[in-house]
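This report introduces a few local features of one structure to a reader who has not met it before. Please look over the sequence and the model before reading on.

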Amino acid sequence: MSMIEIPLLSLIIFLPFVGALLLLALRLPQKASYWLSVVWSLVVFAIAVGLLLNFADGSTSGFAFSEKLEWLKPLGMNYQVAVDSISAWLIALTAFVSLVAAFSAREIQGRHNYFRAWLLTLETGILGVFAATNLLNFYVFWEVMLIPAYFLIGRWGITRERVKSAIRFVIYTLVGSLLMLVAMLALAFLTVPAGGQPSLDLLVLKERIGGLDRSTQEWLFLAFAAAFAVKVPLFPLQAWQPDAYAESPTPVTIVLAGVMSKTGTYGFLRFGIFLFPTASQTFAPLICILALASIIYGALAALGQTDLKRLLAYSSLSHTGFIVLGLFALNNQGVNGAVLQMINHGITTPALFLAATALSNRTGTTELAGMAGLQSRMPRLAALFLILSLASLGLPGLNQFAGEFLILGGAWQASAWYAVIGAVGVVLAAWYSIRMFQLIWHGPRAENEVPALAKALDMRPVEYLVFVPLVALIVLLGLAPALVTSIFDGSVSTLLK
């Protein structure tokens with residue numbers, strides 16, 4: 001049987017869920033449970049890379065690996081998945097970030113099998129979102145993400161505030177999701193041709209939607225946009241994000257910041273810009289203004305933080321604002337930059353949260369003042385933190401520079417003011433990143449330093465296993481961003497037609 005005949009996409013999507021069921025059935029001890037989840041995630045990642053390699057020559061711009069199973073045909077509700085080169089990249093990114101998350105979940109205490117099972121289930125939900133080409137499938141996978149995320153934050157969060165953070169996350173996401181559900185149903189029934197049947201197939205709806213009047217398209221677009229704006233998050237709907245990122249255990253924060261936020265930006269691209277091109281043009285100025293507000297607000301809030309995880313959470317808010325700005329520049333350069341930045345941000349931000357956890361485990365705090373003056377004691381960890389901070393602020397030669405450069409170029413084509421204000425965000429990013437590095441590594445030593453810190457080690461062998469591949473990717477994609485953009489450029493051009 002050839003690779004094409006295997007339901008490869010469904011295999012990737014549901015393999016993590018099978019792993020979750022296996023963990024619950026076997027109830028393994030801590031160490032065995034940990035290695036099972038790591039090996040399982042490694043297998044999913046290997047298959048996802050195999051999927052991506054099918055797009056490596058950049059010649060495939062449309063959907064491939066299509067699978068369809070009829071469910072409720074009269075209502076157009078089918079199981080239907082496929083990927084283009086953009087989706088394939090995001091699926092590979094999800095599998096990679098999930099592998100890093102599984103690897104970093106070594107010290108999870110209490111009901112560890114359930115924790116790893118929820119983490120794998122969350123991976124299935126995210127993979128399904130990136131592969132769905134039927135709106136019902138997209139909605140189901142979108143909601144599947146919500147359940148494990150709620151339990152992972154609420155049950156294994158850091159402080160007593162974890163339950164409040166989980167509830168706030170669910171409420172925000174659920175309200176947006178319900179608006180999207182109503183819009184989906186309306187879209188299916190308003191686009192039924194004479195004598196035809198409703199359809200939730202993305203490509204069928206793309207052909208039919210031109211029959212709707214402009215006002216209806218705009219209302220439907222706004223309903224979808226509300227759901228995506230919450231998940232990104234986009235100012236002023238970001239209230240759930242800092243608490244959720246700060247309260248979550250590190251493996252969950254990695255997934256939230258690395259790939260779950262990309263489901264919102266991907267939704268804008270696939271189910272906003274592609275499906276509603278006219279409405280997207282109408283609301284592009286408004287969404288660009290909100291994106292710029294996210295960039296500036298997130299950067300200024302990061303500057304004012306004294307807690308490292310919250311600082312990184314607000315910096316992530318600022319960076320995802322850049323992605324949305326690139327998308328709604330609505331030109332090839334801006335969208336290419338946005339997709340590239342989705343991938344690069346999905347690598348850099350999890351690495352930063354991992355480094356922050358390594359540091360807080362040694363110092364016993366996430367307060368910047370409590371970590372001060374560590375350069376001489378931990379020079380290798382300091383060097384790692386420096387590389388990651390420089391990548392995050394967009395230094396040329398590291399991965400986030402190319403994406404931000406393309407985004408600002410695309411924004412300039414849309415409006416010079418977008419690019420100027422976005423550039424202010426770049427300056428602020430440099431400011432808070434340097435301040436963060438200075439306070440942690442070169443500030444005066446903390447007066448209330450924990451005794452264990454005197455014996456704390458620099459980089460451990462197991463940490464090299466995680467950080468060396470991440471840093472190698474950051475440098476490689478910084479020096480050769482065309483390795484990524486050459487693969488999805490054709491799909492971006494097709495999507496913007």
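Which residues of α17 are buried? In this predicted model, the buried residues of α17 are E463, V466, F467, L470, V471, I474, L477 and G478.

## Helix α17

Helix α17 covers residues 461-479, and because its 19 residues at 1.5 Å a residue should span 27 Å, the distance of 27 Å between its end C-alpha atoms agrees with what is expected. The helix also has a kink of about 30° at F467, which lies shortly before the proline P469, and F467 is itself one of the buried residues of α17.

## Strands β1 and β2

Strands β1 and β2 pair in the antiparallel sense, with 6 bridges between them, and in this pairing L72 stands opposite M77 of β2. Strand β2, residues 77-83, is mostly covered, since 7 of its 7 residues are buried. From this strand M77, Y79, V81 and V83 point one way, while N78, Q80 and A82 point the other way, and the residues of both groups are buried.

## A nonpolar surface patch

L72, whose place is in strand β1, has a relative accessibility of 37% and therefore counts as partly exposed, because that class lies between the limits of 20% for buried and 50% for exposed. Together with W71, L75, L185 and F189, L72 makes a nonpolar surface patch of about 500 Å². Strand β1 (64-72) and helix α6 (162-190) each supply at least two residues of this patch.

Key
Residues numbered from 1 in each chain as written. Predicted model: local features only at pLDDT ≥ 70, side-chain atom pairs only at ≥ 80, totals over all residues. Heavy atoms only, no water. Patch = residues over 30% accessible without salt bridge, like charges linked within 9 Å, V, L, I, M, F, W, Y side chains within 5 Å. Areas by Shrake-Rupley, 256 points an atom, 1.4 Å probe, with all protein chains shown as cover. Salt bridge = Lys/Arg side-chain N within 4 Å of Asp/Glu carboxyl O. Helix = DSSP H or I, 4+ residues; strand = E, 2+ residues; numbered from the N terminus. Buried < 20%, exposed > 50% of the residue type's maximum accessible area, 1.4 Å probe, protein only. Pairing = 2+ DSSP bridges. Expected span 1.5 Å × (residues − 1). Bend = angle between axes of the 7 residues up to and from the residue.
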